[in-house]
Structure formats: structure tokens, C-alpha cells
Amino acid sequence: MTRKILVLPGDGIGPEITAQASRILAACQAHGLDVEVEEGLVGGSAYDEHGEPLPAVTLDKAKAADAILLGAVGGPKWDKLEDLTKRPEKGLLGLRKNLGLFGNLRPAITYPQLASASSLKSELVAGLDIMIVRELTGGIYFGQPRGIEVRNGERVGFNTYIYSESEIERIGRVAFEMAQKRGKRLCSVDKANVLEVTILWREVMERLAPEYPDVELSHMYVDNAAMQLVRAPKQFDVMVTGNMFGDILSDAAAMLTGSIGMLPSASLNESGQGMYEPCHGSAPDIAGQNVANPLATILSVAMLLRYSLGEAALAERIEAAVGKVLDDGLRTADIASEGTRTVSTSEMGDAVLRAFDAI
Ligand code: IPM
Ligand code: MG
């Protein structure tokens, strides 16, 4: 059965990095992977063409795909759009919501070759391996009511931070199961000293815990979690949290590893359909210069193969190829250090392909 992959390059560096990831996908096809790959527009580039950041044609293709590979969306060109619903970010949020991609997996792994590229001391981050499980289709990102309106003669802005028990439970189960497959420690991050919604969050996590007796559950307030991530990050195995806290903590965790340019992510729904994207953004400042790091997107292809297509062997092969290229001392500018060779986006893609074919 031929499976369908939709590639959505997006904006900024998105097209350059997905181009390299698509070459890896093509190499997998040459090694027998039976997939049909098509492309679509999302974000600012979709707005320019169709007047919408998530055109119906893209959404239809996305619904029909087994997996989606996304580059990145957004850029200064569209930041001034008055209508918030037309902003590129809405394309991404619309895909997540429409496909029900509630389970966001954001690994933060330090490659031994890159420990010195971290802004923290190498001994704090060497061997780091954290998995952040972020709820992606609820919380304050989507809660109603929301808006900006005039009250008592002045404008007020408001959003609603809301989670139902069932939403908390389903992301909780993803996180507990993830912990079972890893180090068996789960830290749930909340703000239960202030926010009712996260008091409920904590209660539901506690209620699930007896069903996963092999997992040790702990709780941490989000401010402390942010501090602990930069103080002693290796204390964490799996972290689970809501949409906004997860957005913030996953950027911090990513930077521990040396570069956000290295980290892939997966967003899954209940039927195993997934969207895969690098954790970093569209980096408009370096777009079009062939200097961006394509590794996070290439590693996203590995996650796609593992989680949506059940092709673990090919996934491992891609990951090993990335490791080999780093061993060989090749670096894009964001991870360059003394004694390494700085290469361009496409040269990095060439090197990973060579290593992939040689394995
Ligand atoms: C992310 C991004 C998005 C988010 C933006 C682009 C809407 O920061 O995927 O982390 O906030 O979820
Ligand atoms: Mg973010």
C-alpha cells in the first residue's frame, strides 16, 4: 500500500531545509520505501498565492496524507497583517487543530559532538536526553472567549486558559506511555499554585498514575521548571505540559543541546497521522542564503518514518547518517566551532545523503 506524504515548505528558510529533507526521502524511496510525495503551500507563501495561510486545497491534501513534513512559517513581510486570522502562524495552528494533532513530541538530545556548542557548560548537557510532551490543540492558544475589545472606555485584550479532563487525560496517557518506553520518570509541569486549570491538570495526572505503576510521576511549577532546565537539565526524562508552557520550555530545552537547528518534532493525532517539523522557526534573517541548518528537518523525516510509517530501520539509518556527518566535523554556521568545517545547507544535505547511502 503506497502511503502519502505531504511536504509543506512554508516560509523563510523553510523551502531550503525541506529541499534537503526531501532528498533524504527520495533516497529512502530508492531503498524501497513505498510513498507518494506531494507539495503544498502554507503560511505566508500560501497567503500570497491564495489570500489564506491555510487554503482549502492544502487542508484537503493534509487530511488525505499519512504524514506531513513542514518547514517553517512566518516572516516580517506578514507581521503587519491587521487580520490575525491571515497571519502565517494561523496556517500552522489551523493544521494542528483541523487534524487533531494534540500530542507534540519535542526531544532535546545533545549530540556528543555538539556538547561544546551549548550555552551551558558541557558537563551539564553531555548525554542530555529529554522528551517534552506538549499538548498542542487546546489551552490558552485555542480557548474561547478571546479578543481585544473596549470595556469602560479602554481596550482590553483577553484569552481563555481552559482544559477539559478528557484533553488532559489523553495527553497524559501519551506522556506516561512515552516514559514507560524511556527512563520511566515523568515530570508534569503546571502552575497549580495560581491557576485552577492546572489544579485540574495536576489532579488528572495523579489519577492516571496508578495505571502506570512503573512510571515515577512528579510535579513542578513552570517557573521552577524553567530554572531547573538551565540549572540541572539531566534530572528530567519526560516532561508533560500544556500548550503555552510547552512552547516556552521546549525552546529553552532546545537551546541546551547547542542549537535549536538540530531538533525535530512530531505532532500526532489519535489515528497515528502526524505532522513533523523542526522546532526552530523560519529564520527570515538568513533565508535564501543557503546557510541554515537542515538537520532538524532531516531528523524530522526520521521521526516521520518511525511514528507514522512504522519504518524504524530507515529512521535509525537517517539518524546514524547525521551522527556520521557530525563525527566527520561538518557543521552549518549555527553549530560551528573551532576545528570544524563550516558548510552550507546544501553541502550538509549532500553529506548526509552520502553517509546514508554508505550505511
Ligand atoms: C512552535 C511555534 C508556534 C507555537 C508558533 C509559530 C505559532 O512557536 O511550534 O513552537 O507557538 O506553537
Ligand atoms: Mg515555539
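**Exercises: where domain 1 meets domain 2**

Domain 1 and domain 2 bury about 2500 Å² between them, 64% of it on carbon and sulfur atoms; buried area here is the accessible area (1.4 Å probe) that two parts lose on being put together, summed over both. This is a predicted model, with local features needing pLDDT of at least 70 and side-chain atom pairs counted only at pLDDT 80 or more, while totals for chains, interfaces and linings use all residues. Residues are numbered from 1 along each chain as its sequence is written, and side-chain values use heavy atoms, leaving out hydrogens and water.

**Exercise 1.** Work out which residues make up each domain and how many are in contact.

*Solution.* Start with the bounds, which come from an automatic or database domain assignment: domain 1 is 1-102 + 269-359, and domain 2 is 105-266. Next, take the C-alpha centres: 23 Å separate them. Then count contacts (heavy atoms within 4.5 Å): 29 residues of domain 1 touch 27 of domain 2.

**Exercise 2.** Find the salt bridge across the interface.

*Solution.* Apply the rule: a side-chain nitrogen of Lys or Arg within 4 Å of a carboxyl oxygen of Asp or Glu. One turns up across the interface. As for a pair to look at, Arg170 and Glu270 join their side chains in a salt bridge at 3.7 Å, N to O.

**Exercise 3.** Sort the domain 1 side of the interface by residue class.

*Solution.* For the elements (DSSP runs: helices H or I, at least four residues; strands E, at least two; numbered from the N terminus), H5 (88-98), S12 (274-278), H11 (295-307) and H12 (312-327) each supply at least two residues. H11 gives the largest share, six residues. By class, the side has 15 nonpolar, six polar and eight charged residues, with Ala, Val, Leu, Ile, Met, Phe, Trp, Tyr, Cys and Pro as nonpolar, Asp, Glu, Lys and Arg as charged, and the others, Gly among them, as polar.

Conventions
Chains lettered and ligands numbered in written order.
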